[in-house]
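Student: Got a minute to go through a model with me? I'd like the fold, then a few residues.

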Amino acid sequence: MGYEKARTTPYIHAMVYHVPKFMRIHNGIKKFIGQGVEKLNDDCRRVHLQRSNKWDAAKDVLLVGKRIEHLAECKRTPRSYKKQNSSYLETGIKDTRSKRVRISCEEVADSQEPLDIDVDTLSVQEIKELLKVRGVKTRIRCLKKLKKQLIESLRNKENEAPNSQQ
């Protein structure tokens, strides 16, 4: 194995015999790296495969190369920004967000009294029947969610009953 004469590629030959000489003469190999050429090749391939009509690919590649060359000299000037309301960042954001309705911050009922019905022993059909009797229409089929909805409806009925007696 190894790098015998028959297995030596031109690239390996250049790295061993010529690169050290260039490094001494030119103080490095930065001038000889092909990064720019590789980038242009990537851009040209992308244009050919994605954007060109593939009838005149050489023309498309040359046009893209010229466009890149022309745009390399251009620098973007940032647009000027003038604050309309300087107090918005300090107080305005907090004010508008405090007015929003928060679904995740629903108030929990204070009364966690035991219910008349043992919800844990009921089946899906029984829970749906109880909800139907209470006037709650639902398409939920998940037992856990149905239990939660039944408990909420029972607690709501309990909370409404004392209010209606007054």
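Tutor: Sure, we'll take the overall fold, then a surface patch, a lysine and the cysteines. Keep in mind that this is a predicted model.

Student: What helices and strands does the chain have?

Tutor: The chain has six helices and zero strands. Along the sequence the pattern reads α-α-α-α-α-α.

Student: How much of the chain is buried?

Tutor: Buried residues account for 13% of the 166 residues. The accessible surface totals about 15,600 Å². Carbon and sulfur atoms hold 54% of that surface.

Student: And contacts? What share join residues at least 24 apart?

Tutor: That share is 28%, counted among contacts between residues at least 6 apart in sequence.

Student: Which residues form the nonpolar patch on the surface?

Tutor: F22, M23, I29, F32 and I33. Together they have about 450 Å² of accessible area.

Student: Where is I33?

Tutor: I33 sits in the loop between helix 1 (10–26) and helix 2 (35–51). Its relative accessible area is 45%, so I33 counts as partly exposed.

Student: Switching to K147. Where is that one?

Tutor: K147 is in helix 6, residues 143–165. K147 is buried, yet has no salt bridge.

Student: Which side chain of opposite charge is nearest to K147?

Tutor: D120, 4.1 Å away. The salt-bridge cut-off is within 4 Å, so the pair does not count.

Student: What else does K147 touch?

Tutor: Leaving out residues up to four places away in sequence, K147 touches V119, D120, L122 and I127.

Student: Last topic: how many disulfides?

Tutor: Zero. C74 is partly exposed at 44% relative accessibility. C142 is also partly exposed, at 38%.

How values were computed:
Residues are numbered from 1 along each chain as its sequence is written. This is a predicted model: local features need pLDDT of at least 70, side-chain atom pairs count only at pLDDT 80 or more; totals for chains, interfaces and linings use all residues. Side-chain values use heavy atoms; hydrogens and water are left out. Patches are made of residues with over 30% relative accessible area and no salt bridge: like charges are joined within 9 Å, nonpolar side chains (Val, Leu, Ile, Met, Phe, Trp, Tyr) within 5 Å. Accessible areas come from the Shrake-Rupley method with a 1.4 Å probe; for residues, only the protein chains shown count as cover. Helices (H or I, at least four residues) and strands (E, at least two) are DSSP runs, numbered from the N terminus. Buried means under 20% relative accessible area, exposed over 50%, partly exposed in between (1.4 Å probe, protein chains only). A disulfide is a pair of cysteine sulfur atoms within 2.5 Å. Lys and Arg count as positive and Asp and Glu as negative; His and the chain ends are not counted. Contact means heavy atoms within 4.5 Å.
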